[in-house]
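User: I should like a close look at one part of this model, namely the surroundings of its first bound molecule. Please set that part in the context of the rest of the chain.

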Amino acid sequence: MSDSREHIMVTGGAGFIGVNFVRRVLATRPTVSVVVLDALTYAGNGTSLEQLPADRLHFVHGDIRDQRLVDRLLREHEIRTLVHFAAESHVDRSIDGPDAFVATNIDGTHSLLKAAREYWLSGSGTPHRFHHVSTDEVYGSLGSEDPPFTERNQYQPNSPYSASKAGSDHLVRAYHHTFGLEVTTTNCSNNYGPYQFPEKLIPLMIVNILEGKPLPIYGDGMQVRDWLHVEDHCRAIEACLDRGVAGELYNIGGANERPNLEIVGKLCEMIDERVGASSDLASRFPDCPASKGSSSQSLVTYVTDRPGHDRRYAIDFSKAAADLEYQPQETFDSGFSGTVDWYLENEPWWRGVMDGSYRQWLDSNYASR
Ligand code: NAD
Ligand code: TYD
(Lines give C-alpha, C1' and ligand atoms only; values in the text may rest on other atoms or scores of the structure.)
(Ligands and ions follow the chains in the order given, each with its own letter.)
Protein backbone atom coordinates (compact mmCIF):
# COMPACT_ATOMS: atom_id res chain seq x y z
CA MET A 1 0.00 0.00 0.00
CA SER A 2 1.99 2.96 -1.19
CA ASP A 3 0.90 6.57 -0.74
CA SER A 4 -0.63 6.49 -4.21
CA ARG A 5 -3.09 3.88 -2.90
CA GLU A 6 -4.32 5.50 0.27
CA HIS A 7 -8.02 4.75 -0.06
CA ILE A 8 -8.72 1.07 0.08
CA MET A 9 -11.98 -0.76 -0.36
CA VAL A 10 -12.65 -3.80 1.78
CA THR A 11 -15.53 -6.06 0.79
CA GLY A 12 -16.97 -8.18 3.60
CA GLY A 13 -15.39 -5.79 6.10
CA ALA A 14 -18.13 -6.48 8.69
CA GLY A 15 -17.34 -10.22 8.74
CA PHE A 16 -14.79 -12.03 10.86
CA ILE A 17 -11.53 -11.60 8.94
CA GLY A 18 -12.59 -8.35 7.29
CA VAL A 19 -13.22 -6.68 10.66
CA ASN A 20 -9.82 -7.77 11.94
CA PHE A 21 -8.18 -6.50 8.76
CA VAL A 22 -9.95 -3.12 8.88
CA ARG A 23 -9.06 -2.67 12.56
CA ARG A 24 -5.45 -3.55 11.87
CA VAL A 25 -5.06 -1.26 8.86
CA LEU A 26 -6.65 1.70 10.65
CA ALA A 27 -4.43 1.10 13.68
CA THR A 28 -1.14 0.63 11.85
CA ARG A 29 -1.47 2.87 8.76
CA PRO A 30 -2.45 6.39 9.75
CA THR A 31 -2.51 7.65 6.15
CA VAL A 32 -4.96 5.01 4.95
CA SER A 33 -8.73 5.34 4.95
CA VAL A 34 -11.07 2.45 4.32
CA VAL A 35 -14.36 2.04 2.50
CA VAL A 36 -16.16 -1.09 3.72
CA LEU A 37 -18.76 -2.62 1.41
CA ASP A 38 -20.81 -5.27 3.17
CA ALA A 39 -24.31 -6.71 2.67
CA LEU A 40 -24.63 -7.49 6.41
CA THR A 41 -25.77 -11.07 5.98
CA TYR A 42 -26.17 -13.14 9.14
CA ALA A 43 -22.32 -13.26 9.28
CA GLY A 44 -21.77 -9.50 9.09
CA ASN A 45 -22.03 -7.29 12.10
CA GLY A 46 -21.85 -3.51 12.16
CA THR A 47 -21.09 -3.40 15.89
CA SER A 48 -17.73 -5.05 15.24
CA LEU A 49 -16.67 -1.81 13.53
CA GLU A 50 -17.76 0.49 16.34
CA GLN A 51 -15.31 2.88 17.99
CA LEU A 52 -13.09 3.12 14.92
CA PRO A 53 -12.06 6.56 13.63
CA ALA A 54 -15.14 7.80 11.75
CA ASP A 55 -13.10 10.16 9.54
CA ARG A 56 -11.13 7.21 8.11
CA LEU A 57 -13.87 4.59 7.88
CA HIS A 58 -16.76 4.81 5.46
CA PHE A 59 -19.29 1.99 5.76
CA VAL A 60 -21.56 1.17 2.82
CA HIS A 61 -24.37 -1.33 3.25
CA GLY A 62 -24.57 -2.99 -0.14
CA ASP A 63 -24.05 -6.08 -2.24
CA ILE A 64 -20.88 -6.86 -4.20
CA ARG A 65 -23.15 -8.01 -7.04
CA ASP A 66 -24.36 -4.43 -7.47
CA GLN A 67 -21.83 -3.45 -10.14
CA ARG A 68 -23.12 0.11 -10.48
CA LEU A 69 -22.71 0.69 -6.76
CA VAL A 70 -19.17 -0.74 -6.79
CA ASP A 71 -18.30 1.35 -9.83
CA ARG A 72 -19.57 4.52 -8.13
CA LEU A 73 -17.64 3.77 -4.91
CA LEU A 74 -14.40 3.10 -6.79
CA ARG A 75 -14.67 6.44 -8.57
CA GLU A 76 -15.99 8.53 -5.67
CA HIS A 77 -13.26 7.38 -3.30
CA GLU A 78 -10.54 7.05 -5.94
CA ILE A 79 -9.84 3.51 -4.79
CA ARG A 80 -6.52 2.03 -5.86
CA THR A 81 -6.56 -1.09 -3.67
CA LEU A 82 -9.48 -3.46 -3.24
CA VAL A 83 -9.27 -6.30 -0.72
CA HIS A 84 -12.02 -8.82 -1.33
CA PHE A 85 -13.21 -10.84 1.67
CA ALA A 86 -16.98 -10.86 1.04
CA ALA A 87 -18.24 -14.42 0.69
CA GLU A 88 -20.55 -17.07 1.96
CA SER A 89 -17.99 -18.91 4.05
CA HIS A 90 -19.46 -21.84 5.97
CA VAL A 91 -19.17 -25.35 4.51
CA ASP A 92 -22.20 -26.71 6.42
CA ARG A 93 -24.42 -23.94 5.02
CA SER A 94 -23.13 -24.67 1.52
CA ILE A 95 -24.34 -28.25 1.92
CA ASP A 96 -27.79 -27.07 3.08
CA GLY A 97 -28.11 -24.40 0.36
CA PRO A 98 -25.42 -24.02 -2.33
CA ASP A 99 -27.20 -21.30 -4.35
CA ALA A 100 -26.10 -18.37 -2.19
CA PHE A 101 -22.51 -19.59 -2.51
CA VAL A 102 -22.58 -19.51 -6.29
CA ALA A 103 -24.36 -16.13 -6.24
CA THR A 104 -21.99 -14.33 -3.90
CA ASN A 105 -18.70 -16.15 -4.36
CA ILE A 106 -18.79 -16.56 -8.14
CA ASP A 107 -21.22 -13.95 -9.49
CA GLY A 108 -20.26 -11.44 -6.79
CA THR A 109 -16.54 -11.80 -7.45
CA HIS A 110 -17.15 -11.50 -11.16
CA SER A 111 -19.17 -8.34 -10.66
CA LEU A 112 -16.30 -6.79 -8.66
CA LEU A 113 -13.79 -7.79 -11.34
CA LYS A 114 -15.91 -6.17 -14.04
CA ALA A 115 -16.21 -2.92 -12.07
CA ALA A 116 -12.47 -2.92 -11.30
CA ARG A 117 -11.56 -3.55 -14.93
CA GLU A 118 -13.85 -0.80 -16.13
CA TYR A 119 -12.50 1.76 -13.67
CA TRP A 120 -8.82 0.86 -13.54
CA LEU A 121 -8.09 -0.33 -17.07
CA SER A 122 -10.13 1.98 -19.28
CA GLY A 123 -8.22 4.90 -20.77
CA SER A 124 -4.53 5.09 -19.99
CA GLY A 125 -4.84 2.83 -16.91
CA THR A 126 -4.31 3.54 -13.21
CA PRO A 127 -1.93 1.81 -10.77
CA HIS A 128 -4.07 -0.57 -8.76
CA ARG A 129 -4.31 -3.86 -6.91
CA PHE A 130 -7.20 -6.34 -6.61
CA HIS A 131 -6.46 -8.69 -3.74
CA HIS A 132 -8.62 -11.79 -3.51
CA VAL A 133 -8.88 -13.72 -0.24
CA SER A 134 -9.34 -17.43 -0.81
CA THR A 135 -8.99 -20.73 0.99
CA ASP A 136 -6.81 -23.84 1.11
CA GLU A 137 -10.03 -25.85 0.67
CA VAL A 138 -9.80 -25.35 -3.11
CA TYR A 139 -6.98 -27.93 -3.13
CA GLY A 140 -9.22 -30.69 -1.75
CA SER A 141 -8.31 -33.11 1.00
CA LEU A 142 -4.95 -34.62 2.07
CA GLY A 143 -4.15 -38.09 3.38
CA SER A 144 -2.28 -38.27 6.67
CA GLU A 145 1.11 -38.79 4.97
CA ASP A 146 0.67 -36.35 2.07
CA PRO A 147 2.90 -33.28 1.90
CA PRO A 148 1.13 -29.97 2.67
CA PHE A 149 -0.52 -28.00 -0.16
CA THR A 150 1.77 -25.83 -2.26
CA GLU A 151 0.64 -23.27 -4.85
CA ARG A 152 1.32 -25.92 -7.51
CA ASN A 153 -1.28 -28.37 -6.20
CA GLN A 154 -4.17 -29.13 -8.50
CA TYR A 155 -7.51 -27.56 -7.60
CA GLN A 156 -9.83 -30.33 -6.36
CA PRO A 157 -12.63 -28.65 -4.40
CA ASN A 158 -15.02 -31.05 -2.67
CA SER A 159 -17.80 -28.94 -1.13
CA PRO A 160 -20.11 -26.41 -2.77
CA TYR A 161 -18.26 -23.78 -0.67
CA SER A 162 -14.79 -24.73 -1.90
CA ALA A 163 -16.05 -25.21 -5.48
CA SER A 164 -17.48 -21.68 -5.45
CA LYS A 165 -14.23 -20.28 -4.05
CA ALA A 166 -12.28 -22.19 -6.72
CA GLY A 167 -14.56 -20.66 -9.36
CA SER A 168 -13.83 -17.18 -8.02
CA ASP A 169 -10.08 -17.86 -7.96
CA HIS A 170 -10.19 -18.89 -11.63
CA LEU A 171 -12.05 -15.72 -12.60
CA VAL A 172 -9.52 -13.57 -10.74
CA ARG A 173 -6.69 -15.37 -12.52
CA ALA A 174 -8.39 -14.98 -15.90
CA TYR A 175 -8.88 -11.22 -15.44
CA HIS A 176 -5.14 -10.94 -14.92
CA HIS A 177 -4.11 -13.08 -17.88
CA THR A 178 -6.70 -11.80 -20.31
CA PHE A 179 -7.17 -8.16 -19.35
CA GLY A 180 -4.05 -7.33 -17.34
CA LEU A 181 -5.84 -6.61 -14.06
CA GLU A 182 -3.23 -6.49 -11.28
CA VAL A 183 -4.46 -9.23 -8.97
CA THR A 184 -3.01 -11.23 -6.11
CA THR A 185 -4.65 -14.14 -4.32
CA THR A 186 -3.94 -15.64 -0.91
CA ASN A 187 -5.16 -19.15 -0.08
CA CYS A 188 -5.17 -19.52 3.66
CA SER A 189 -5.99 -22.22 6.17
CA ASN A 190 -8.67 -22.14 8.91
CA ASN A 191 -8.63 -18.81 10.77
CA TYR A 192 -9.55 -18.25 14.40
CA GLY A 193 -9.54 -15.27 16.75
CA PRO A 194 -11.76 -12.35 17.86
CA TYR A 195 -15.06 -11.50 16.12
CA GLN A 196 -15.61 -14.94 14.55
CA PHE A 197 -19.27 -15.85 14.23
CA PRO A 198 -20.11 -18.82 16.51
CA GLU A 199 -20.87 -21.29 13.73
CA LYS A 200 -17.24 -22.22 12.98
CA LEU A 201 -15.59 -24.83 15.19
CA ILE A 202 -13.65 -22.70 17.68
CA PRO A 203 -16.13 -19.95 18.63
CA LEU A 204 -19.03 -22.42 18.57
CA MET A 205 -17.22 -24.70 21.02
CA ILE A 206 -16.32 -21.75 23.29
CA VAL A 207 -19.88 -20.46 23.59
CA ASN A 208 -21.33 -23.96 23.94
CA ILE A 209 -18.90 -24.78 26.76
CA LEU A 210 -19.85 -21.54 28.53
CA GLU A 211 -23.56 -22.29 28.11
CA GLY A 212 -23.27 -25.99 29.01
CA LYS A 213 -24.51 -27.11 25.57
CA PRO A 214 -23.34 -30.25 23.72
CA LEU A 215 -20.08 -29.98 21.75
CA PRO A 216 -20.91 -31.69 18.43
CA ILE A 217 -17.94 -33.62 17.05
CA TYR A 218 -18.47 -34.66 13.43
CA GLY A 219 -17.51 -38.29 12.74
CA ASP A 220 -14.45 -39.46 14.69
CA GLY A 221 -13.14 -35.94 15.33
CA MET A 222 -9.75 -36.79 13.82
CA GLN A 223 -10.02 -34.41 10.86
CA VAL A 224 -7.01 -32.13 10.75
CA ARG A 225 -6.91 -28.39 10.08
CA ASP A 226 -3.95 -25.97 10.13
CA TRP A 227 -5.12 -23.24 12.52
CA LEU A 228 -4.08 -19.72 11.56
CA HIS A 229 -4.57 -16.79 13.93
CA VAL A 230 -6.51 -14.04 12.17
CA GLU A 231 -3.86 -11.41 13.06
CA ASP A 232 -1.20 -13.51 11.33
CA HIS A 233 -3.47 -13.82 8.32
CA CYS A 234 -4.08 -10.06 8.20
CA ARG A 235 -0.33 -9.38 8.42
CA ALA A 236 0.17 -11.76 5.51
CA ILE A 237 -2.40 -9.90 3.40
CA GLU A 238 -0.71 -6.59 4.17
CA ALA A 239 2.63 -8.11 3.18
CA CYS A 240 1.06 -9.33 -0.03
CA LEU A 241 -0.26 -5.84 -0.81
CA ASP A 242 3.21 -4.44 -0.17
CA ARG A 243 5.41 -7.11 -1.76
CA GLY A 244 3.20 -9.54 -3.68
CA VAL A 245 3.62 -9.85 -7.44
CA ALA A 246 0.57 -9.36 -9.66
CA GLY A 247 -0.78 -12.63 -11.01
CA GLU A 248 0.65 -14.72 -8.16
CA LEU A 249 -1.00 -16.98 -5.56
CA TYR A 250 0.41 -17.25 -2.04
CA ASN A 251 -0.49 -19.95 0.48
CA ILE A 252 -0.80 -18.69 4.07
CA GLY A 253 -0.76 -21.12 7.01
CA GLY A 254 -0.32 -21.08 10.77
CA ALA A 255 2.19 -23.97 11.19
CA ASN A 256 -0.39 -25.39 13.59
CA GLU A 257 -1.87 -28.66 12.33
CA ARG A 258 -4.19 -30.28 14.89
CA PRO A 259 -7.06 -32.79 14.90
CA ASN A 260 -10.44 -31.36 15.90
CA LEU A 261 -10.58 -33.41 19.12
CA GLU A 262 -7.34 -31.84 20.31
CA ILE A 263 -8.73 -28.35 19.60
CA VAL A 264 -11.92 -29.05 21.52
CA GLY A 265 -9.97 -30.66 24.39
CA LYS A 266 -7.70 -27.61 24.63
CA LEU A 267 -10.68 -25.22 24.72
CA CYS A 268 -12.35 -27.31 27.47
CA GLU A 269 -9.13 -27.27 29.49
CA MET A 270 -8.60 -23.50 29.10
CA ILE A 271 -12.17 -22.60 30.01
CA ASP A 272 -12.27 -25.06 32.95
CA GLU A 273 -9.10 -23.45 34.33
CA ARG A 274 -10.47 -19.91 34.01
CA VAL A 275 -14.00 -20.59 35.26
CA GLY A 276 -12.71 -22.86 38.07
CA ALA A 277 -10.49 -20.05 39.33
CA SER A 278 -13.02 -17.20 39.17
CA SER A 279 -16.25 -16.90 41.15
CA ASP A 280 -17.22 -14.02 38.86
CA LEU A 281 -17.01 -16.23 35.74
CA ALA A 282 -18.78 -19.08 37.55
CA SER A 283 -21.71 -16.79 38.38
CA ARG A 284 -21.81 -15.33 34.85
CA PHE A 285 -21.85 -18.82 33.30
CA PRO A 286 -23.76 -21.03 35.75
CA ASP A 287 -24.40 -23.75 33.13
CA CYS A 288 -20.72 -24.21 32.31
CA PRO A 289 -19.66 -27.57 33.78
CA ALA A 290 -16.64 -25.96 35.49
CA SER A 291 -19.04 -23.72 37.46
CA LYS A 292 -20.43 -26.91 38.99
CA GLY A 293 -17.04 -28.52 39.59
CA SER A 294 -17.05 -30.87 36.58
CA SER A 295 -15.09 -30.99 33.34
CA SER A 296 -16.38 -29.46 30.10
CA GLN A 297 -15.15 -32.61 28.34
CA SER A 298 -18.42 -34.15 29.55
CA LEU A 299 -20.19 -32.05 26.88
CA VAL A 300 -18.34 -33.75 23.98
CA THR A 301 -20.97 -35.45 21.79
CA TYR A 302 -20.20 -37.46 18.65
CA VAL A 303 -22.66 -36.72 15.84
CA THR A 304 -23.14 -37.89 12.26
CA ASP A 305 -20.28 -36.81 10.02
CA ARG A 306 -20.55 -33.92 7.54
CA PRO A 307 -21.21 -35.29 4.01
CA GLY A 308 -18.01 -35.26 1.92
CA HIS A 309 -16.01 -34.11 4.95
CA ASP A 310 -12.41 -33.26 3.96
CA ARG A 311 -10.01 -35.22 6.16
CA ARG A 312 -6.96 -33.00 6.32
CA TYR A 313 -5.75 -29.58 5.18
CA ALA A 314 -2.15 -28.48 5.61
CA ILE A 315 -0.30 -25.52 4.13
CA ASP A 316 3.22 -25.16 2.86
CA PHE A 317 3.79 -21.40 3.10
CA SER A 318 7.43 -21.37 2.04
CA LYS A 319 6.65 -19.16 -0.98
CA ALA A 320 5.02 -16.53 1.26
CA ALA A 321 7.94 -16.85 3.70
CA ALA A 322 10.49 -16.24 0.94
CA ASP A 323 8.66 -13.64 -1.16
CA LEU A 324 6.51 -11.80 1.40
CA GLU A 325 8.71 -12.33 4.49
CA TYR A 326 5.68 -13.91 6.13
CA GLN A 327 5.96 -15.97 9.34
CA PRO A 328 3.13 -16.67 11.78
CA GLN A 329 3.75 -15.10 15.18
CA GLU A 330 1.03 -16.72 17.27
CA THR A 331 1.60 -20.17 18.78
CA PHE A 332 -1.11 -22.70 19.63
CA ASP A 333 -0.98 -21.59 23.29
CA SER A 334 -0.80 -17.83 22.78
CA GLY A 335 -3.41 -17.74 20.02
CA PHE A 336 -5.93 -19.99 21.76
CA SER A 337 -5.47 -18.37 25.12
CA GLY A 338 -6.02 -14.86 23.70
CA THR A 339 -9.08 -16.06 21.79
CA VAL A 340 -10.71 -17.69 24.82
CA ASP A 341 -10.06 -14.51 26.83
CA TRP A 342 -11.58 -12.37 24.07
CA TYR A 343 -14.83 -14.39 24.10
CA LEU A 344 -14.94 -14.23 27.92
CA GLU A 345 -14.47 -10.45 27.83
CA ASN A 346 -16.87 -9.84 24.93
CA GLU A 347 -20.00 -11.72 25.94
CA PRO A 348 -22.31 -8.89 24.73
CA TRP A 349 -20.77 -9.20 21.24
CA TRP A 350 -21.42 -12.92 20.83
CA ARG A 351 -24.80 -12.80 22.53
CA GLY A 352 -25.70 -9.96 20.15
CA VAL A 353 -24.76 -11.82 16.98
CA MET A 354 -26.36 -15.07 18.17
CA ASP A 355 -29.92 -13.85 18.22
CA GLY A 356 -32.71 -16.17 19.37
CA SER A 357 -33.45 -17.55 15.93
CA TYR A 358 -29.82 -18.52 15.34
CA ARG A 359 -29.59 -20.33 18.69
CA GLN A 360 -32.85 -22.16 17.87
CA TRP A 361 -31.51 -23.13 14.44
CA LEU A 362 -28.26 -24.37 15.98
CA ASP A 363 -30.04 -26.48 18.57
CA SER A 364 -32.43 -28.00 16.03
CA ASN A 365 -29.63 -28.57 13.52
CA TYR A 366 -27.68 -30.38 16.19
CA ALA A 367 -30.75 -32.36 17.23
CA SER A 368 -31.41 -33.47 13.64
CA ARG A 369 -27.92 -34.94 13.11
P1 NAD B 1 -17.59 -14.31 7.24
O2 NAD B 1 -18.64 -15.27 6.82
O3 NAD B 1 -17.33 -14.11 8.70
O4 NAD B 1 -17.91 -12.85 6.65
C5 NAD B 1 -18.31 -12.67 5.33
C6 NAD B 1 -18.75 -11.21 5.18
O7 NAD B 1 -19.15 -11.02 3.82
C8 NAD B 1 -19.96 -10.83 6.05
O9 NAD B 1 -19.74 -9.60 6.68
C10 NAD B 1 -21.11 -10.75 5.06
O11 NAD B 1 -22.12 -9.83 5.46
C12 NAD B 1 -20.38 -10.30 3.80
N13 NAD B 1 -21.11 -10.68 2.57
C14 NAD B 1 -21.63 -11.89 2.25
N15 NAD B 1 -22.23 -11.82 1.05
C16 NAD B 1 -22.06 -10.56 0.59
C17 NAD B 1 -22.44 -9.88 -0.60
N18 NAD B 1 -23.13 -10.51 -1.58
N19 NAD B 1 -22.09 -8.58 -0.75
C20 NAD B 1 -21.41 -7.93 0.23
N21 NAD B 1 -21.04 -8.52 1.38
C22 NAD B 1 -21.36 -9.82 1.56
O23 NAD B 1 -16.28 -14.75 6.47
P24 NAD B 1 -14.77 -14.73 6.96
O25 NAD B 1 -14.52 -15.91 7.82
O26 NAD B 1 -14.44 -13.39 7.46
O27 NAD B 1 -14.03 -15.01 5.58
C28 NAD B 1 -13.58 -13.92 4.77
C29 NAD B 1 -12.96 -14.49 3.50
O30 NAD B 1 -11.89 -15.36 3.84
C31 NAD B 1 -13.94 -15.32 2.67
O32 NAD B 1 -13.72 -15.04 1.31
C33 NAD B 1 -13.56 -16.76 2.98
O34 NAD B 1 -13.84 -17.61 1.90
C35 NAD B 1 -12.08 -16.62 3.22
N36 NAD B 1 -11.51 -17.63 4.13
C37 NAD B 1 -11.98 -17.73 5.41
C38 NAD B 1 -11.41 -18.67 6.26
C39 NAD B 1 -11.86 -18.81 7.69
O40 NAD B 1 -11.33 -19.68 8.39
N41 NAD B 1 -12.75 -18.00 8.19
C42 NAD B 1 -10.39 -19.52 5.80
C43 NAD B 1 -9.97 -19.39 4.47
C44 NAD B 1 -10.51 -18.41 3.64
P1 TYD C 1 -15.29 -25.32 10.37
O2 TYD C 1 -14.93 -24.37 11.45
O3 TYD C 1 -16.71 -25.37 9.90
O4 TYD C 1 -14.30 -25.03 9.17
P5 TYD C 1 -14.03 -25.89 7.79
O6 TYD C 1 -15.13 -26.83 7.60
O7 TYD C 1 -14.02 -24.81 6.78
O8 TYD C 1 -12.70 -26.55 7.99
O9 TYD C 1 -14.90 -26.79 10.84
C10 TYD C 1 -13.60 -27.10 11.24
C11 TYD C 1 -13.55 -28.58 11.51
O12 TYD C 1 -14.38 -28.86 12.65
C13 TYD C 1 -14.11 -29.42 10.38
O14 TYD C 1 -13.37 -30.63 10.31
C15 TYD C 1 -15.54 -29.71 10.81
C16 TYD C 1 -15.42 -29.80 12.31
N17 TYD C 1 -16.61 -29.40 13.09
C18 TYD C 1 -17.16 -30.24 14.07
O19 TYD C 1 -16.65 -31.36 14.30
N20 TYD C 1 -18.23 -29.82 14.77
C21 TYD C 1 -18.83 -28.60 14.55
O22 TYD C 1 -19.84 -28.26 15.21
C23 TYD C 1 -18.25 -27.73 13.54
C24 TYD C 1 -18.87 -26.39 13.26
C25 TYD C 1 -17.15 -28.17 12.84
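Which elements each supply at least two residues of the shell around ligand 1?

Analyst: Three elements each supply at least two residues of that shell: α1 (16–28), β5 (129–135) and α5 (160–179). Helices and strands here are DSSP runs numbered from the N terminus, with H or I over at least four residues for a helix and E over at least two for a strand. The structure is a predicted model, in which local features need pLDDT of at least 70 and side-chain atom pairs count only at pLDDT 80 or more, while totals for chains, interfaces and linings use all residues. Residues are numbered from 1 along each chain as its sequence is written, chains are lettered from A and ligands numbered from 1 in the order in which they are written, and side-chain values use heavy atoms, leaving out hydrogens and water.

The largest share of the shell around ligand 1 comes from β5, with three residues. In total 28 residues surround ligand 1, and those that come nearest are I17, D38, S89, Y161 and K165; a residue is counted as near if one of its heavy atoms lies within 4 Å of the molecule. By class, the shell comprises 13 nonpolar, twelve polar and three charged residues. In this scheme Ala, Val, Leu, Ile, Met, Phe, Trp, Tyr, Cys and Pro are nonpolar, Asp, Glu, Lys and Arg are charged, and the others, Gly among them, are polar.

Several polar contacts reach ligand 1, a polar contact being a pair of N or O atoms within 3.5 Å. The side chain of S89 places a polar atom 2.6 Å from an oxygen atom of ligand 1. Polar backbone atoms also take part: that of I64 is 3.0 Å from a nitrogen atom of the ligand, and that of L40 is 3.4 Å from an oxygen atom of the ligand. On its own, ligand 1 has 840 Å² of accessible area, of which the protein covers 97%; accessible areas come from the Shrake-Rupley method with a 1.4 Å probe.

Ligand 2 offers a useful second case. Its shell holds 18 residues, the closest being E137, P216, R225, R306 and H309. The shell of ligand 2 divides into eight nonpolar, five polar and five charged residues. Backbone atoms again supply contacts: a polar atom of L201 is 2.8 Å from an oxygen atom of ligand 2, one of P216 is 2.7 Å from a nitrogen atom of ligand 2, and a backbone N or O atom of Y218 lies 3.0 Å from an oxygen atom of ligand 2. Taken alone, ligand 2 exposes 510 Å², and the protein buries 97% of that area. The elements giving two or more residues to the shell of ligand 2 are α6 (201–211) and β8 (215–218).

The loop between β7 (191–192) and α6 contains Y195. Although not a glycine, Y195 has a positive phi of about 70 degrees. With a relative accessibility of 15%, Y195 counts as buried, where buried means under 20% relative accessible area, exposed over 50%, and partly exposed in between, using a 1.4 Å probe and protein chains only. E325, in the loop between α10 (318–324) and α11 (332–345), is likewise not a glycine and has a positive phi, near 60 degrees. In contrast to Y195, E325 is exposed, its relative accessible area being 59%.

Two helices complete the context. Helix α4 (residues 99–121) has 23 residues and should span 33 Å at 1.5 Å a residue, in agreement with the 31 Å between its end C-alpha atoms; the expected span is 1.5 Å times one less than the number of residues. At G108, α4 bends by about 25 degrees, the bend being the angle between axes fitted to the seven residues ending there and the seven starting there. Just after α4, G123 takes a positive phi of about 70 degrees. For helix α7 (residues 230–243), with 14 residues, the expected span of 20 Å agrees with the 20 Å between its end C-alpha atoms. Eleven of the 14 residues of α7 are buried, so the rest of the structure largely encloses this helix. Among those buried residues are D232, H233, R235 and E238.

Terms used
A polar contact is a pair of N or O atoms within 3.5 Å; within protein, one must be able to donate a hydrogen and the other to accept it, and residues adjacent in sequence count only if both atoms are side-chain atoms.
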